[in-house]
Amino acid sequence: MADQHLYDLIIVGAGPAGLSAGLYAGRAMLDTLILEGETVGGQVTTTSVVYNYPAVEKVDGTKLMNQLQKQVTDFGVQIQHDQIDAYSLKPEVKILTGKSGQEYRARSVIIATGAHPRKVGFDGEDQFRGRGVAYCSTCDGELFTGLQIFVVGGGYAAAEEADYLSRFGKHVTVLVRSDHFKCPPAMTAKLIDNPKVSIEYNTEIKSVSGDDYVSSATLVNNQTGKETIYHVDPGDNTFGIFVYVGTEPATQNLKGVLDLDSNGYIKTSVDGATNINGVFAAGDVIAKSLRQIITAAADGAKAATTAEHYVTSQKQAAGIPITPVTNNTSASSPVGQTTDLNNEESVVPHQGNWLTSDITNQLQPIFARLTSDITFEVDTNNTDLSQQLLGFINEFADLNDHFNVISKVGQGNYLPMLKILDADGRDTGLHYAGIPTGHELNSLVLGVYNVAGPGQTIDPAMVTRIKQLPAAQIRIGVSLTCHFCPDVVAACQHIAALNPQITATMIDLQHFPELRKSKKIMSVPATMINHSPVIFGSQTLEQLVTAIEKYH
């Protein structure tokens with residue numbers, strides 16, 4: 001399926017580099033599309049607090065990226081979810097093929113695919129991912145409350161996240177492979193002064209083992225060769241191992257297409273140009289000495305400016321009039337994929353209104369596109385959480401005349417539960433066990449949009465596959481602080497909205513620890529399809545549909 005529209009610029013990746021490039025391209029009035037296969041914001045959204053962004057004393061990583069995303073979309077730049085699997089870059093018109101099968105055409109391209117967390121490679125690392133081994137403190141940190149935590153790494157990220165994790169764990173031990181930290185002395189001093197943190201230099205993990213969870217780790221001093229075995233503390237089921245040992249570039253589909261260095265990073269000139277005319281690169285995916293948010297943003301600005309000059313010269317040579325694009329928004333998602341709908345106060349004991357004026361203002365244009373009535377059914381039990389859920393959904397329902405609320409005494413294991421019913425009072429299969437606030441407000445809004453509005457646009461072939469899926473019960477274990485979880489919840493619930501045989505239930509694991517225990521979950525998002533093994537981590541719509549087909 002080919003998109004015949006010819007963009008001035010397509011940016012692949014929506015991290016700091018891609019969004020910064022989009023901002024500069026939008027201001028230059030280039031017809032620009034940003035494609036992102038995972039989470040808008042990139043690796044910054046896994047950072048608990050950003051301290052070193054100029055003129056910002058400190059800011060949540062996700063919030064910083066949401067602010068940048070809003071700037072980008074305000075300039076008319078579209079952001080669309082698709083994973084690019086194939087590149088045809090040498091012709092004058094570049095063609096990019098997505099996992100969805102759609103082809104995208106552009107005069108110029110900026111590769112800003114970033115880099116992914118690097119694994120250490122110790123025995124048991126893959127086996128116990130989600131069972132004690134983790135890579136995202138903001139997603140999984142609270143799941144290790146009161147437990148021992150090890151942080152592996154000696155750079156800025158390891159130091160920063162060790163300090164953050166100390167608010168959850170009873171103690172944090174940082175394992176540094178060398179004899180010193182590779183971060184500013186002030187950050188190291190902060191760790192040394194933290195009574196809940198200790199540091200072991202010249203120390204590596206050799207292996208981890210256990211039954212359902214990690215229960216033992218073998219540590220080795222790389223200077224003396226002495227091995228030490230750490231066993232889980234009496235009374236604990238497991239302990240945490242958070243890995244921060246750098247990144248590897250997302251260039252798997254670019255080998256043999258662009259010039260890469262020996263580590264797989266893209267080689268560029270100082271202005272972001274690659275070895276192919278009209279193709280540029282920016283951010284953590286390029287070969288450079290410093291990888292920080294500010295350097296990624298600078299790379300994006302340079303690449304977009306160079307791309308603008310390239311596109312202008314190409315149009316002039318072809319005699320094509322240079323006209324500004326009109327402001328537009330992507331029809332594929334009513335909230336621009338990760339619009340900042342996050343009420344951070346709602347993840348702690350709640351007081352006052354649930355929805356700020358900023359949030360309600362963002363929701364109004366989305367809800368203006370609704371065409372059908374829906375009913376929010378609240379299945380309650382005799383708990384304070386039930387009253388909080390009722391309070392939240394009543395406030396939410398006041399935002400639009402299409403919304404109605406009913407409540408009843410519920411039955412089942414996951415109460416209180418919110419269910420979305422269609423205009424005829426039928427259960428749509430979109431369920432929320434707990435209160436869908438924090439990051440999960442995004443999935444609730446998308447659920448409403450898919451049931452009562454035009455819905456998100458997906459490939460017709462995928463719609464056919466979804467409608468042919470067998471009956472399935474999907475549960476998605478989440479944390480309200482996890483920025484990856486809403487995408488998985490929204491994808492599962494989009495499947496449920498299209499197929500009446502499927503239910504998709506968001507479950508806030510903070511309120512349902514028995515599910516965590518029975519399924520041995522120590523990482524989110526945790527997707528459970530019927531009685532299949534738990535699927536940990538971010539999943540695309542394609543991956544989820546394939547999993548349902550496999551585990552029916």
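The exercises below, each with a worked solution, concern a predicted model of a protein.

**Exercise 1. Overall form**

Task: Work out whether the radius of gyration of the protein agrees or disagrees with that of a compact globule, and describe the box that its C-alpha atoms fill.

Solution: Begin with the chain length, which is 552 residues, and for which a compact globule would have a radius of gyration near 24 Å. The protein has 24 Å, so the two values agree. Taken along the principal axes, the box filled by the C-alpha atoms is roughly 75 × 70 × 45 Å. Within this form the secondary structure comes to 13 helices and 25 strands.

**Exercise 2. Interior, surface and charge**

Task: State what percentage of the residues is buried, what share of the contacts links residues 24 or more positions apart, and how the surface and the charges are described.

Solution: A residue is called buried when its relative accessible area is under 20%, and buried residues make up 56% of the 552 residues. Turning to contacts with a separation of 6 or more, 68% of them are between residues 24 or more positions apart. The accessible surface comes to about 23300 Å², and carbon and sulfur atoms account for 48% of that area. As for charge, the protein has 39 positive and 57 negative charges, and the mean positions of these two sets are 5 Å apart.

**Exercise 3. Two helices and their surroundings**

Task: For helix 8 and helix 2, check the span against the rise of 1.5 Å a residue, then find which residues are buried and which elements surround them.

Solution: Helix 8 covers residues 384-397, and its 14 residues should span 20 Å at 1.5 Å a residue; because its end C-alpha atoms are 20 Å apart, the expectation is met. Its buried residues are Leu385, Ser386, Leu389, Leu390, Phe392, Ile393, Glu395, Phe396 and Ala397, a list that includes the acidic residue Glu395. The cover over these residues includes helix 7 (357-367) and helix 9 (441-452), together with strand 18 (374-380), strand 19 (403-409) and strand 20 (417-421).

Helix 2 covers residues 61-74, and for its 14 residues the expected span of 20 Å agrees with the 20 Å between its end C-alpha atoms. Here Gly61, Thr62, Leu64, Met65, Asn66, Leu68, Gln69 and Val72 are buried. These buried residues pack against helix 1 (16-27), strand 2 (32-36), strand 3 (78-81) and helix 6 (293-318).

**Exercise 4. Three residues in their settings**

Task: Decide whether Asn442, Ser216 and Asp236 are buried or exposed, and place each one in the structure.

Solution: Asn442 lies in helix 9, and its relative accessibility of 6% makes it buried. The C-alpha atom of Asn442 is 8.0 Å from that of Ala490, although the two residues are 48 residues apart along the chain.

Ser216 belongs to strand 13 (residues 214-221) and, at 10% relative accessibility, is buried. With neighbours within four places in sequence left aside, Ser216 is in contact with Ser207, Val208, Ser209, Ile229, Tyr230, His231 and Phe239.

Asp236 sits in the loop between strand 14 (227-231) and strand 15 (240-243), yet its relative accessibility of 18% still counts as buried. Apart from neighbours within four places in sequence, Asp236 is in contact with Gly146, Leu147 and Lys170. From Asp236 to Lys302 the distance is 51 Å, C-alpha to C-alpha, for a separation of 66 residues in sequence.

**Exercise 5. Backbone geometry**

Task: Identify which peptide bonds to Pro416 and Pro525 are cis or trans, and say what sign phi has at Ala55 and Asn202.

Solution: The background is that most peptide bonds are trans and most residues other than glycine have a negative phi. The bond from Leu415 to Pro416 is cis, with omega near 0°, and Pro416 lies in the loop between strand 19 and strand 20. Val524 and Pro525 are likewise joined by a cis bond, with omega about -5°, and Pro525 is placed in the loop between helix 12 (513-519) and strand 24 (526-529).

Ala55, which is not a glycine, has a positive phi of about 70°; this residue lies in the loop between strand 2 and helix 2 and, at 90% relative accessibility, counts as exposed. Asn202 also has a positive phi, of about 50°, and is found in the loop between strand 11 (197-200) and strand 12 (203-210), where its relative accessibility of 18% makes it buried.

Notes. Residues are numbered from 1 along each chain as its sequence is written. This is a predicted model: local features need pLDDT of at least 70, side-chain atom pairs count only at pLDDT 80 or more; totals for chains, interfaces and linings use all residues. Side-chain values use heavy atoms; hydrogens and water are left out. Helices (H or I, at least four residues) and strands (E, at least two) are DSSP runs, numbered from the N terminus. The radius of gyration is taken over C-alpha atoms; the globule rule is 2.2 Å times the number of residues to the power 0.38. Buried means under 20% relative accessible area, exposed over 50%, partly exposed in between (1.4 Å probe, protein chains only). Contact means heavy atoms within 4.5 Å. Accessible areas come from the Shrake-Rupley method with a 1.4 Å probe; for residues, only the protein chains shown count as cover. The place of a charge is taken as NZ of Lys, CZ of Arg, CG of Asp or CD of Glu. The expected span of a helix is 1.5 Å times one less than its number of residues.
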